[in-house]
Amino acid sequence: MNQVEIMGNIGKTPEFIMGSTGEFTSFSVAVNSEYTNGEGVKVQHTEWMPCVCFIPGIVKFIKENVTSGNAVYLKGAISTRSYTQDHVMNTTTNEPHKQSKTEIRVTHLHKVATVKKDEPVDEPA
């Protein structure tokens with residue numbers, strides 16, 4: 001099964017591109033983790049996950065509601081796509097540069113509310 005679930009923060013503001021099948025969006029999500037190394041020191045690590053979404057309803061939601069820094073939870077599948085950069089030539093073959101990119105193809109996305117450490121949290125009555 002090819003399924004990924006991550007929670008993290010949007011990097012740069014999502015980019016929207018008009019493709020041959022309609023508008024899609026491309027963005028990255030920073031996923032933070034923390035571990036203790038062999039010397040007992042806590043180490044923080046950030047992994048950047050490139051993401052793409054072609055689903056019109058989710059693209060619209062991202063366009064209207066998501067920006068840099070927002071916390072999100074998303075599901076999707078790992079996907080590798082290939083494309084040609086016509087404006088960049090391979091110096092050896094003198095042909096357009098072929099490139100591939102592995103990314104998360106998003107199928108579900110939820111914006112997550114965050115609370116700063118110093119902000120009081122209202123508890124339910």
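**Figure 1. Charges and overall form of the chain in the predicted model.** The chain carries 12 positive and 14 negative charges, and the mean positions of the two sets lie 5 Å apart. Its accessible surface amounts to about 9100 Å². Carbon and sulfur atoms account for 51% of that surface. Of the 125 residues in the chain, 24% are buried. The C-alpha trace extends over about 65 × 45 × 30 Å along the principal axes.

**Figure 2. Order of the secondary structure elements along the chain.** One helix and six strands make up the secondary structure. Read from the N terminus, the order is β-β-β-β-α-β-β. The chain is more spread out than a compact globule, because its radius of gyration is 19 Å, well over the 14 Å that the globule rule gives for 125 residues. Among contacts between residues at least 6 apart in sequence, 59% link residues at least 24 apart.

**Figure 3. Pairing of strand β6 with β4 and with β5.** Strand β6 covers residues 96-112 and strand β4 covers residues 42-53. These two strands pair in the parallel sense, over two bridges. Cysteine 51 is placed opposite isoleucine 104 of β6. Strand β5, residues 71-89, pairs with β6 in the antiparallel sense over 16 bridges. In β6, valine 106 has glycine 76 opposite.

**Figure 4. The turn of the β5-β6 hairpin.** Six residues separate β5 from β6 in this hairpin. Within the turn, asparagine 94 has a positive phi of about 60°.

**Figure 5. Surroundings of glutamine 85 in strand β5.** Glutamine 85 has a relative accessibility of 21% and therefore counts as partly exposed, as buried would require a value under 20%. Proline 96 is eleven residues from glutamine 85 in sequence, and their C-alpha atoms are 5.9 Å apart in space. With neighbours within four places in sequence left aside, the contacts of glutamine 85 are with Pro96, His97 and Gln99.

**Figure 6. Surroundings of serine 79 in strand β5.** The relative accessible area of serine 79 is 16%, so this residue is buried, the limit being under 20%. Outside its neighbours within four places in sequence, serine 79 is in contact with Lys101, Thr102, Glu103 and Arg105. In a regular strand, side chains point alternately to one face of the sheet and the other.

**Figure 7. Glycine 69 in the loop between α1 and β5.** Helix α1 spans residues 56-65, and glycine 69 belongs to the loop between this helix and strand β5. With a relative accessible area of 43%, glycine 69 is partly exposed. Apart from neighbours within four places in sequence, glycine 69 is in contact with Asn9, Ile10 and Gly11. Alanine 30 is 39 residues away from glycine 69 along the chain, and the two C-alpha atoms are separated by 9.1 Å.

Key
Residues are numbered from 1 along each chain as its sequence is written. This is a predicted model: local features need pLDDT of at least 70, side-chain atom pairs count only at pLDDT 80 or more; totals for chains, interfaces and linings use all residues. Side-chain values use heavy atoms; hydrogens and water are left out. Two strands pair if DSSP finds at least two bridges between them. Helices (H or I, at least four residues) and strands (E, at least two) are DSSP runs, numbered from the N terminus. Buried means under 20% relative accessible area, exposed over 50%, partly exposed in between (1.4 Å probe, protein chains only). Contact means heavy atoms within 4.5 Å. The radius of gyration is taken over C-alpha atoms; the globule rule is 2.2 Å times the number of residues to the power 0.38. Accessible areas come from the Shrake-Rupley method with a 1.4 Å probe; for residues, only the protein chains shown count as cover. Lys and Arg count as positive and Asp and Glu as negative; His and the chain ends are not counted. The place of a charge is taken as NZ of Lys, CZ of Arg, CG of Asp or CD of Glu.
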